[in-house]
Amino acid sequence: MSRPTRRQVLHGSAAALAGAALAAPVAFADTAAARPVDGHGQAAGDEPSGGHEMPMPFDEMYQGRHIEGWPADEGGGQNGRHHSSGSHAEHRAGQADPHDGMDFVVRIDNDDLHVMRNADGSWISLVNHYETFTTPRALARAAVRELQGADLAPVVTG
């Protein structure tokens, strides 16, 4: 009876490892561990962003902080309350709009959190610049957790 050579054992091991690596994502895809958790992906209370569709406005208390967000073209009213009639520029005739060039406005305790939309439809902020989120609401909640009670520092542009 012949014994396998070292080369045959290595090739067989490499093939088995490659097969396991290719099969793991399929087996893992429907487990609880693969589902998103609070902060990333689709958290409880979030609406699906559906890729490049504009997310729905939100206004809530989260961990003792007031977070709110709305599409930038809807404008903003008194005390950070958003409204959907007319643009912010119409209400502030002659003044530069601080939200020009932004897709979505996010505020924490009435302070603007600068957010940006990536080409793939995900969102990032200055607080969580290296993490992506599927919705601005999930991004705002993560920023609140990251701030740990600290105030947002104003972003100076221009």
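How many aromatic pairs does the structure hold? The count comes to two. The points below take them in turn, then move to strand 1, helix 3 and the salt bridges. The model is predicted.

1. **The stacked pair.** Phe58 and Phe104 form a stacked aromatic pair. Their ring centres are 6.3 Å apart, with 15° between the planes. Planes under 30 degrees apart count as stacked, so this pair qualifies. Phe58 lies in strand 1 (residues 58–62) and Phe104 in strand 3 (residues 104–108), so the pair ties together parts that are 46 residues apart in sequence. Phe58 has 2% relative accessibility and counts as buried. Phe104 is buried too, at 0%.

2. **The edge-to-face pair.** Phe104 also pairs with Trp123, here edge-to-face. The centres are 5.8 Å apart and the planes 65° apart. This pair links strand 3 to strand 6 (residues 123–125), with Phe104 and Trp123 19 residues apart. Both Phe104 and Trp123 are buried. Ring pairs thus link Phe58, Phe104 and Trp123 into a cluster.

3. **Strand 1 has two faces.** In a regular strand the side chains alternate between the two faces of the sheet. Strand 1 shows this alternation. Phe58, Glu60 and Tyr62 point to one face and are buried. Asp59 and Met61 point to the other face and are not buried.

4. **The hairpin.** Strand 1 pairs with strand 2 (residues 65–71) in the antiparallel sense, over five bridges. Tyr62 has Arg65 of strand 2 as its bridge partner. Two residues separate the strands of this hairpin. Gln63 sits in the turn, with a positive phi of about 50°.

5. **Helix 3.** This helix has 12 residues, 136–147. At 1.5 Å a residue they should span 16 Å, and the end C-alpha atoms are 16 Å apart, which agrees. Helix 3 is mostly covered, with 10 of its 12 residues buried. Among them are Pro136, Leu139, Val144 and Leu147, along with Arg137 and Arg141. The cover over the buried residues includes strands 1, 2 and 3, strand 4 (111–113), strand 5 (115–117) and strand 6. Gln148 follows helix 3 and has a positive phi, near 50°.

6. **A salt-bridge network on Glu60.** The structure holds four salt bridges. In one of them, Arg137 meets Glu60 with the closest N and O atoms 2.8 Å apart. Arg137 lies in helix 3 and Glu60 in strand 1, so this pair ties together parts 77 residues apart in sequence. Arg137 is buried, with a relative accessible area of 11%. Glu60 is buried as well, at 16%. Glu60 also forms a salt bridge with Arg141, where the closest N and O atoms are 3.0 Å apart. Again a strand 1 residue is tied to a helix 3 residue, here 81 residues apart in sequence. Arg141 is buried, with a relative accessible area of 8%. Shared partners join Glu60, Arg137 and Arg141 into one network.

7. **The Asp109–Arg65 salt bridge.** In this bridge the closest N and O atoms are 2.4 Å apart. Asp109 lies in the loop between strand 3 and strand 4, and Arg65 in strand 2, so the pair ties together parts 44 residues apart in sequence. Are the two partners buried or partly exposed? Asp109 is partly exposed, with a relative accessible area of 32%. Arg65 counts as buried, at 9% relative accessibility. Arg65 is also the bridge partner of Tyr62 in the strand pairing.

How values were computed:
Residues numbered from 1 in each chain as written. Predicted model: local features only at pLDDT ≥ 70, side-chain atom pairs only at ≥ 80, totals over all residues. Heavy atoms only, no water. Phe/Tyr/Trp six-rings, centres within 6.5 Å; stacked < 30°, edge-to-face > 60°. Helix = DSSP H or I, 4+ residues; strand = E, 2+ residues; numbered from the N terminus. Buried < 20%, exposed > 50% of the residue type's maximum accessible area, 1.4 Å probe, protein only. Pairing = 2+ DSSP bridges. Expected span 1.5 Å × (residues − 1). Contact = heavy atoms within 4.5 Å. Salt bridge = Lys/Arg side-chain N within 4 Å of Asp/Glu carboxyl O.
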